[in-house]
Amino acid sequence: MQQPQRVLVRPESKPLDWGFYLWVFYRRLPIILFLTVLALMGAGIYAYTAPRFYEAVSLVRLRKQALPPLFAQGGQQPQTDTLDLKTATQLVTTFLTAQEALRLIQEQKLTSMRISAPIRQYLSILSAQEALSFVSTISYEPDLIRISVRHTSPEVAAALANGLAEAFVARLNREARAEASNERKFIEQQLQAVRAELQRLDKEIAAVKQQLNMVDVSEETRALVNSIRTYTAELLMAETDWRSAMKAREQLQQLLEREQPFVPMRKENPVLAEMEKRLAELESQRTQLLQRYLPTHPSIKRIEEQIAALRQEIARRQSERVIEVPDAALNPRYASLYQQILDAERRRMELEERRKALATLLQQTQQQLRRFPEQQRRLGDLTRQLQVLEQAYMSLLSRLQDAQIREAAKLGNATIADVAVVPTKPVGPGIVRLLLLALLGGLAVGLGLTVLLEFVKTTVTSSDELKHLLGVPVLAVVPEARLNPNGEEVLRLMNSRRGSAEAIRTLRSNLRFLIMRHSSDGKMKAFLITSAVKGEGKSFISAALAIAFAQTGKRVVLVDADMRKPDLHRMLGVDGSVGLANVLRDTASLDNALCDTPIGTLKLLPAGTLPKKSDAATPAELFSSEAMQHLLQRLREQFDLVLIDTPPMLVVSDASILAPMTDGVLLVVELGYVTKTAVQQVKEQLELAQAKLLGVVINKASRKRGYDYYRDYYHYAGYYEREP
């Protein structure tokens with residue numbers, strides 16, 4: 001009877017099996033927990049032994065000053081003296097600011113706090129570069145700078161935070177006072193010149209009026225004189241502003257030439273830093289001991305000797321304190337001066353254009369005035385000059401008062417918004433943060449190590465892993481039998497109560513349950529037994545299972561389909577010269593090929609005469625023929641159970657050809673021997689052949705290998721006879 005044609009369907013790609021990976025992590029849970037606990041213990045020890053850090057914070061606020069120009073005009077906006085927030089933040093942490101802060105601390109000039117003698121002594125040996133290593137700054141828009149200092153001593157942290165804030169504000173105040181002083185001096189010089197010119201004009205106007213006997217001028221002359229006066233005043237103010245802009249640009253250029261575009265980065269000598277840290281600890285110990293003992297106490301004397309030796313060594317190495325490194329950083333002062341020069345040059349060009357326009361208008365008005373009589377022109381011109389100088393004189397007086405007020409008020413671009421207080425609670429190390437990082441780090445390392453071990457381990461080592469890889473149950477775990485594969489040994493084993501025989505009987509019972517669950521009418525009779533690779537003991541399992549079923553009175557036929565390396569006829573002690581190959585090639589009948597065994601209900605169909613290499617009919621072609629299908633049909637009709645032993649599935653294609661003709665496949669696996677890749681390839685091969693994998697039989701289980709599955713199985717070993 002011809003079987004219906006099977007359509008091979010490529011199996012669909014399955015999504016990632018998260019359950020398998022969860023099981024892998026669960027299996028390695030002790031390693032993950034051990035690494036996590038180890039990380040938490042390390043973090044706890046570090047948090048307990050590490051020095052405590054204290055943080056002090058001071059705030060500086062930038063102030064935008066509106067400075068009116070030297071000669072204010074209607075509609076002209078005042079200049080704004082601004083300092084970029086980022087530039088100011090950089091200036092706080094410069095070498096000069098740190099030096100100024102240390103100087104204020106040493107001279108007890110801090111207005112926000114008093115510094116004790118031990119702290120001042122410690123800070124006296126601290127370099128500016130090392131002081132800046134404890135400092136961090138953050139800017140908050142629009143005008144706030146946060147100066148944060150972290151140190152093991154709370155008083156040192158507060159002193160440095162307040163010192164840097166006051167040094168930065170004082171630095172900006174000095175610059176503001178210098179600008180106001182220069183402006184005042186310039187205005188005083190201009191006032192002297194204008195005052196002398198006013199006196200001269202007063203005398204000349206009086207002399208002209210006396211000579212001409214004139215008291216006033218005509219309205220038209222007065223209008224032209226007023227226009228000339230206005231244009232002259234504006235031209236004078238434009239000239240003054242232009243000269244002021246030129247002078248400011250020259251001063252800025254001189255300052256820029258003294259600055260370097262890039263400043264070298266310096267690195268503190270770590271040896272000196274460690275020595276200074278040790279010196280500070282000794283000073284602190286000495287202070288504590290002086291509170292309990294007299295200065296002549298031996299402990300205090302010993303510490304003072306160490307302090308003196310350490311100070312001498314530090315003084316000897318002062319030249320090695322700062323080490324320049326090849327890297328360089330942009331000088332923020334240079335960048336600020338360069339931007340101010342660009343602004344000054346732009347203003348100078350604007351004033352230059354205004355000056356030229358006013359000069360043109362003044363020239364045109366003067367030409368109109370020349371048409372009047374000489375006496376009127378002269379008097380009008382003198383009157384105009386007098387009025388212009390009077391207006392300029394009043395403006396200069398106002399500007400002088402403003403400059404004097406700014407210089408006396410010591411106004412700068414920054415003020416202290418908040419002072420730092422001595423902290424009472426440490427901010428580091430953060431125990432909660434450290435423990436959280438340790439927890440996450442331990443879990444990450446544990447999970448990573450689990451994944452690494454899983455990828456490094458290529459073989460299958462547990463029954464649970466087989467279940468996840470194949471998706472079928474493990475029907476039996478057969479211990480290692482340690483016997484010679486001959487008929488007498490196998491039959492003697494199956495007549496005993498040893499662990500291997502009991503495991504085969506367990507396989508027999510589980511296979512019965514599968515038959516009852518999948519086939520209520522009992523039509524499941526033919527089963528194929530194979531393995532992934534050679535050496536896993538599939539032939540032993542086939543022979544032992546056939547004997548176990550025959551011992552229950554079932555009519556069983558065992559077919560040796562391994563034509564390349566047949567072993568079943570030797571295991572059962574029968575002649576294997578005529579068998580399956582002869583029947584398929586029609587050189588012998590089925591009745592003649594079937595061999596009797598020591599068990600009456602068990603028949604063996606040996607492999608028979610193997611095909612020669614020159615024979616066109618290879619085993620694969622014989623199994624693909626209709627004769628094989630007819631043979632299986634006849635065996636189903638004559639026997640209650642048909643067991644077929646085939647070659648390993650990944651070695652040749654025989655098992656893949658025969659599997660679809662049977663009712664199910666049993667896969668024999670030796671743990672620790674077969675790889676995961678091989679097991680997955682067997683599963684894919686069976687899916688491509690549309691064959692049904694019923695379950696897995698684990699063979700050669702050994703207590704010495706230490707697998708998890710055998711530890712569970714070993715609980716029942718007391719009921720069995722010991723393995724030899």
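Helices here are DSSP runs of H or I at least four residues long, and strands are runs of E at least two long, both numbered from the N terminus. Counted that way, this predicted model holds 25 helices and 16 strands.

Let's start with the whole protein. Of its 724 residues, 44% are buried. The accessible surface comes to about 38,800 Å², and carbon and sulfur atoms account for 54% of that. The chain also brings together parts that are far apart in sequence: take the contacts between residues at least 6 apart in sequence, and 83% of them join residues at least 24 apart.

Now zoom in on a pair of helices. Helix α4 covers residues 95-106 and helix α5 covers residues 117-124. They pack at an angle of about 145 degrees, with 10 Å between their axes, and α4 goes past α5 in a left-handed crossing. Which residues make the contact? From α4 come L102, I105 and Q106, while α5 brings R120, L123 and S124. Sort the residues in this contact by class and you get 3 nonpolar, 2 polar and 1 charged.

For a last stop, move along to helix α11, residues 332-369, where you'll find Q363. Is this residue buried, exposed or somewhere in between? Q363 has a relative accessible area of 46%, so it counts as partly exposed, a class that runs between the 20% and 50% cut-offs. Q363 also gives you a pair of residues to look up in the structure: Y231 is 132 residues away in sequence, yet the two C-alpha atoms are 9.5 Å apart in space.

Note on methods
Residues numbered from 1 in each chain as written. Predicted model: local features only at pLDDT ≥ 70, side-chain atom pairs only at ≥ 80, totals over all residues. Heavy atoms only, no water. Axes fitted to C-alpha atoms, helices over the stretch in contact; angles between N-to-C directions. Left-handed = near helix turned anticlockwise from the far one by under 90°. Contact = heavy atoms within 4.5 Å. Nonpolar A, V, L, I, M, F, W, Y, C, P; charged D, E, K, R; others polar. Buried < 20%, exposed > 50% of the residue type's maximum accessible area, 1.4 Å probe, protein only. Areas by Shrake-Rupley, 256 points an atom, 1.4 Å probe, with all protein chains shown as cover.
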